[in-house]
Structure formats: C-alpha cells, structure tokens
Amino acid sequence: MSASHFSLPQAGGEMTDLVTEAVDELALRCARYALPEQAGPDDRTGSARHEALVQLLVLVQVERVAQQLADRAARAAAAAGAGYPEIGRASGMSRQGARRRWPGLITSATPRHTPSASRSS
C-alpha cells in the first residue's frame, strides 16, 4: 500500500519560518491596502489601534481561506488515493483526528489513484 512509502518533509524549523514570514508579509500588505491615508501624526494611538485591528481582520480572513484551501487539498489527496493516516500526517494530526476533521472524505466510493490507459479521441 502506498501509505507505508509515504513520507513528509519536516514541518517546523525553516518551513515554519518561511510560512510565517510569507503570511506576515501578506497580512501587512493587505492591511496597508485597506488602510486609508492617515490625517497626520496627531492621532498615533488611534492610528496604531486601527492598524492593529485591520491586521487582525486580514489575518482572520487568511485563516479562513487557509482552512478552505486545506479542505480542498484533503479532498484532492483522498481523490488521489491517500487514506486518513496519510492525510492525518500531512495535517499534523492523527488518523482519527483527520477522520473527525474531514468525515466521509474516504469512503468505498472514493476514487483511488490508479494508472489508466490513455484514450485517444
């Protein structure tokens, strides 16, 4: 079974740093885009508060979109033949955790990735 031969790159370390840097940069860029030009330096406290709230709003949206993309990737992995053990490892959880997170993702009707013959039109 392909699950026994499946391995993942190490999560954490450099990968975590890279993702953190990219998301932080994206959130700051989106927050700057969403912020109107400030009237002046008189209202630094209100400005800082507003900037922090806009950044929070952006990060919550990033989190929601990331969950949607993770759901899509889990469905794609299942369609390509991955089982809950592999999906769990890829998502940093147990097989049971993956089954709870994506119930019904793996069923007897889930297409398994098998080499298929090319068909010509």
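In the predicted model, Val23 lies within helix α1, which spans residues 13–34. With a relative accessible area of 28%, Val23 is classed as partly exposed, because this value falls between the 20% limit for buried residues and the 50% limit for exposed ones. Once neighbours within four places in sequence are set aside, the contacts of Val23 are with Leu59 and Val62. The C-alpha atom of Val23 is also separated by 9.8 Å from that of Glu63, a residue 40 positions away along the chain.

The secondary structure of the protein comprises 4 helices and 0 strands, giving the pattern α-α-α-α when read along the sequence. Among contacts with a separation of 6 or more, 57% involve residues that are 24 or more positions apart. The protein has 121 residues, of which 20% count as buried. Its exposed surface amounts to about 9600 Å², and carbon and sulfur atoms supply 56% of this area.

The largest nonpolar core consists of 9 residues, namely Ala74, Ala78, Ala82, Tyr84, Ile87, Ala98, Trp102, Leu105 and Ile106. Helices α2 (44–79) and α3 (84–90) each contribute at least two residues to this core. A second core, separate from the largest one, contains 5 residues, including Ala27, Ala31, Leu35 and Val58. Within the largest core, Ile87 has an extensive list of partners: when neighbours within four places in sequence are left aside, Ile87 is in contact with Ala74, Ala77, Ala78, Ala82, Ala98, Trp102, Leu105 and Ile106.

Polar pairing was examined across the whole structure, and the search returned 1 salt bridge. This salt bridge is formed by Arg101 and Asp71, with a distance of 2.6 Å between the closest N and O atoms. The pair connects distant parts of the chain, as Arg101 belongs to helix α4 (residues 95–101) and Asp71 to helix α2, at a sequence separation of 30 residues. Arg101 has a relative accessibility of 30% and is therefore counted as partly exposed.

Terms used. Residues numbered from 1 in each chain as written. Predicted model: local features only at pLDDT ≥ 70, side-chain atom pairs only at ≥ 80, totals over all residues. Heavy atoms only, no water. Core = buried A, V, L, I, M, F, W, Y, C linked by side-chain atoms within 4.5 Å. Buried < 20%, exposed > 50% of the residue type's maximum accessible area, 1.4 Å probe, protein only. Contact = heavy atoms within 4.5 Å. Areas by Shrake-Rupley, 256 points an atom, 1.4 Å probe, with all protein chains shown as cover. Salt bridge = Lys/Arg side-chain N within 4 Å of Asp/Glu carboxyl O.
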